[in-house]
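Me: I would like to go through this structure step by step. Could we begin with the surface?

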Amino acid sequence: MKYTKSILAFLFLNLLLVFSMIFIANKTRDIEKNNNILNKQISKITEDVKINKIELITHKNSSYLKKLYSLYFPESKNSYVPNIVSIEQLITKDKNIKLVNSNN
């Protein structure tokens, strides 16, 4: 009977630690679920960015644009496809390029 108070104190302390560990484990599981959802969203966004980069590269290719134009307008007798101006041409301020202001 000499140690009953200390034994009860340690039992109470252990019980308190067990419940606090269960609480912390539950919160970390919620955080882990949120991280998995965010990782899936990030991977989807990066895949979309890769697709957009590929589309941008293919649309800068003028021969690709001409083929697309001929696919969508096969009956057109006018085979006019506008020239594509690159950023380098704009930087050099080529005299043949005329910029147009648009007031929308």
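Reply: Phe10, Phe12, Leu13, Leu16 and Leu17 make up a nonpolar patch on the surface, with a joint accessible area of about 540 Å². Areas are computed by the Shrake-Rupley method with a 1.4 Å probe, and for residues only the protein chains shown count as cover. A patch takes residues with over 30% relative accessible area and no salt bridge, joining like charges within 9 Å and nonpolar side chains (Val, Leu, Ile, Met, Phe, Trp, Tyr) within 5 Å.

Me: What kind of model is this?

Reply: It is a predicted model, in which local features need pLDDT of at least 70 and side-chain atom pairs count only at pLDDT 80 or more, while totals for chains, interfaces and linings use all residues. Residues are numbered from 1 along each chain as its sequence is written, and side-chain values use heavy atoms, leaving out hydrogens and water.

Me: Where does Leu13 lie?

Reply: Leu13 belongs to helix H1, residues 4–60. Helices (H or I, at least four residues) and strands (E, at least two) are DSSP runs, numbered from the N terminus.

Me: How exposed is Leu13?

Reply: Its relative accessible area is 39%, so Leu13 is partly exposed. Buried means under 20%, exposed over 50%, and partly exposed in between (1.4 Å probe, protein chains only).

Me: What does the whole chain look like?

Reply: The protein chain has three helices and zero strands. Of its 104 residues, 0% count as buried. The chain's accessible surface is about 10,600 Å², and 63% of that belongs to carbon and sulfur atoms.

Me: At what angle do H1 and H2 pack?

Reply: H1 and helix H2 (residues 62–72) pack at about 85°, with their axes 5 Å apart. H1 is therefore roughly perpendicular to H2, a label for angles of 65 to 115 degrees; under 35 counts as roughly parallel, over 145 as roughly antiparallel, and the rest as oblique. Axes are lines fitted to C-alpha atoms, for helices over the stretch in contact, and angles run from 0 to 180 degrees between N-to-C directions.

Me: Which residues meet there?

Reply: Thr58, His59 and Lys60 of H1 meet Ser62, Tyr64, Leu65 and Leu68 of H2, where contact means heavy atoms within 4.5 Å.

Me: New topic: how many salt bridges are there?

Reply: The structure has two, each being a side-chain nitrogen of Lys or Arg within 4 Å of a carboxyl oxygen of Asp or Glu. One joins Glu32 and Arg29 at 3.2 Å, N to O. The other joins Lys44 and Asp48 at 3.4 Å, N to O.

Me: How far apart are Lys44 and Asp48 along the helix?

Reply: Lys44 and Asp48 are four residues apart in helix H1, about one turn. Lys44 is exposed at 54% relative accessible area, whereas Asp48 is partly exposed at 35%.
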